[in-house]
Amino acid sequence: ENWLVVQNLWVYLEAVFVGGDIAKQLPQEAKRFSNIDKSWIKIMQRAHENPNVVQCCTGDDTMSQLLPHLLEQLELCQKSLTGYLEKKRLIFPRFFFVSDPALLEILGQASDSHTIQSHLLSLFDNVYRVDFHEKEYDKILAINSQETEKVELIEPVLAQGNVELWLGKLQEIQQKSIHHVTRSASLAIADQGFKLIEFENMFPAQIGLLGIQMIWTRDSEEALSNARTDKKVMQTTNQHFLDMLNTLIDMTTEELTKYERTKYETLITIH
């Protein structure tokens with residue numbers, strides 16, 4: 001039983017402490033594991049040379065003394081590793097969204113910023129991929145959704161140093177970039193030459209939906225304010241909203257991609 005527990009722990013920790021970035025950040029534990037590793041290899045060589053299970057396990061006191069010691073040392077390594085992961089999660093709380101093995105993979109491959117691509121969906125809502133600069137390997141320029149919508153970052157993010165720090169910076173710049181796009185949308189709906197379909201094609205779907213809601217709120221407030229002096233304003237405003245709805249409905253009769261159809265159906269449903 002001890003043998004199986006030690007083996008499972010060794011397999012789990014071996015991927016962490018043999019090479020990789022985590023071993024560099026936990027040098028003391030890496031050294032401890034190196035000593036464990038040597039003893040474990042000796043045990044496995046002994047088992048290979050002596051295929052008789054009973055004789056291998058009970059022939060002398062080696063197994064009964066060594067396995068409990070290895071288990072104790074491995075548990076110390078695991079405890080240190082758990083504390084290490086907890087510190088990373090406290091610095092970048094979105095790491096709480098991912099499992100320990102996934103976080104170990106992120107941290108273990110941190111020296112190559114491009115390896116984060118496969119974990120982005122676990123960390124951020126519908127951020128599927130990021131665009132890196134063609135020549136500057138670690139410079140992030142834009143974020144992309146699963147539906148291939150792209151938002152350019154208002155300033156590039158350098159994916160260098162501790163991964164939890166630059167991911168925090170990426171989160172901050174993402175939020176500022178979305179805020180910038182939203183502000184642009186609010187200015188666009190105030191334009192005298194505003195055209196609904198052009199607006200929806202210009203902005204990501206979520207911002208397009210928000211734009212319609214801003215128009216509805218603005219025009220409804222204006223109508224309510226003028227209702228006492230203009231008896232027809234409510235009816236006129238309602239017709240304006242119906243015209244917008246019909247414009248969106250008409251778009252569904254056009255030749256659209258799967259994503260575009262979903263987008264317009266969502267806009268119709270919520271509007």
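Select aspartate 219 to begin: in this predicted model, aspartate 219 is buried, with a relative accessible area of 12%. Its partner is arginine 218, with which aspartate 219 forms a salt bridge whose closest N and O atoms are 2.9 Å apart. Arginine 218, in contrast to the buried aspartate, is partly exposed at a relative accessible area of 35%.

**Further salt bridges**

The structure holds seven salt bridges, and two others are worth selecting now. Side chains of opposite charge can pair when their charged atoms come close. Display lysine 88 together with glutamate 164, where the closest N and O atoms of the salt bridge are 2.8 Å apart. Because lysine 88 lies in helix α5 and glutamate 164 in helix α8 (residues 163–188), the pair ties together parts that are 76 residues apart in sequence. Both lysine 88 and glutamate 164 are buried.

Move next to lysine 139 and glutamate 136, which form a salt bridge with closest N and O atoms 3.1 Å apart. Lysine 139 counts as buried at 17% relative accessibility, whereas glutamate 136, at 40%, counts as partly exposed.

**Along helix α8**

Now colour α8 as a whole: it has 26 residues and reaches 37 Å from its first C-alpha to its last, close to the 38 Å expected at 1.5 Å a residue. The buried residues of α8 include Trp166, Leu167, Leu170, Ile173, Gln174, Ser177 and Val181. In reading that list, keep in mind that an α-helix has 3.6 residues a turn, so residues three or four places apart point the same way.

Which residues does leucine 170 contact, leaving aside its neighbours within four places in sequence? Select leucine 170 in helix α8 and show its surroundings: with those neighbours left aside, leucine 170 is in contact with Phe124, Val130, Ile140, Leu153 and Val157. Leucine 170 is buried, with a relative accessible area of 1%. For a backbone distance, pick the C-alpha atoms of leucine 170 and alanine 159, which are eleven residues apart in sequence and 8.5 Å apart in space.

Then select glutamine 174, also found in helix α8, which counts as buried at 10% relative accessibility. Not counting residues up to four places away in sequence, glutamine 174 touches Phe124, Val127, Ile143 and Leu153. Phe124 and Leu153 thus appear among the contacts of both leucine 170 and glutamine 174.

Beyond this helix, select lysine 195, which is found in the loop between α8 and α9 (196–202) and counts as exposed at 51% relative accessibility. Add methionine 244 to the selection: the C-alpha atoms of lysine 195 and methionine 244 are separated by 9.9 Å, although the two residues are 49 residues apart along the chain.

**Helix α5 and the loop after it**

Return to helix α5 (residues 62–91), where glutamine 73 has its place. Is glutamine 73 buried or exposed? With a relative accessible area of 15%, glutamine 73 is buried. Its side chain makes a polar contact with the side chain of arginine 32, at 3.0 Å. Leaving aside neighbours within four places in sequence, glutamine 73 is in contact with Arg32 and Ile36.

From there, switch to a surface view and select Leu90, Phe96 and Phe97, which form a nonpolar patch with about 360 Å² of accessible area together. Phenylalanine 97 has its place in the loop between α5 and α6 (100–108) and is exposed, with a relative accessible area of 57%.

**Two backbone angles to inspect**

The last stops concern backbone geometry. Most residues other than glycine have a negative phi. Select asparagine 126, in the loop between α7 (120–123) and β1 (129–132), where phi is near 60 degrees, a positive value in a residue other than glycine. Asparagine 126 is partly exposed, with a relative accessible area of 27%.

Finish at threonine 148, in the loop between β2 (139–144) and β3 (150–158). What is phi of threonine 148 near? The angle is near 70 degrees, again a positive value in a residue other than glycine. At 65% relative accessibility, threonine 148 counts as exposed.

How values were computed. Residues numbered from 1 in each chain as written. Predicted model: local features only at pLDDT ≥ 70, side-chain atom pairs only at ≥ 80, totals over all residues. Heavy atoms only, no water. Helix = DSSP H or I, 4+ residues; strand = E, 2+ residues; numbered from the N terminus. Buried < 20%, exposed > 50% of the residue type's maximum accessible area, 1.4 Å probe, protein only. Polar contact = N/O pair within 3.5 Å; in protein donor to acceptor, adjacent residues only side chain to side chain. Contact = heavy atoms within 4.5 Å. Patch = residues over 30% accessible without salt bridge, like charges linked within 9 Å, V, L, I, M, F, W, Y side chains within 5 Å. Areas by Shrake-Rupley, 256 points an atom, 1.4 Å probe, with all protein chains shown as cover. Salt bridge = Lys/Arg side-chain N within 4 Å of Asp/Glu carboxyl O. Expected span 1.5 Å × (residues − 1).
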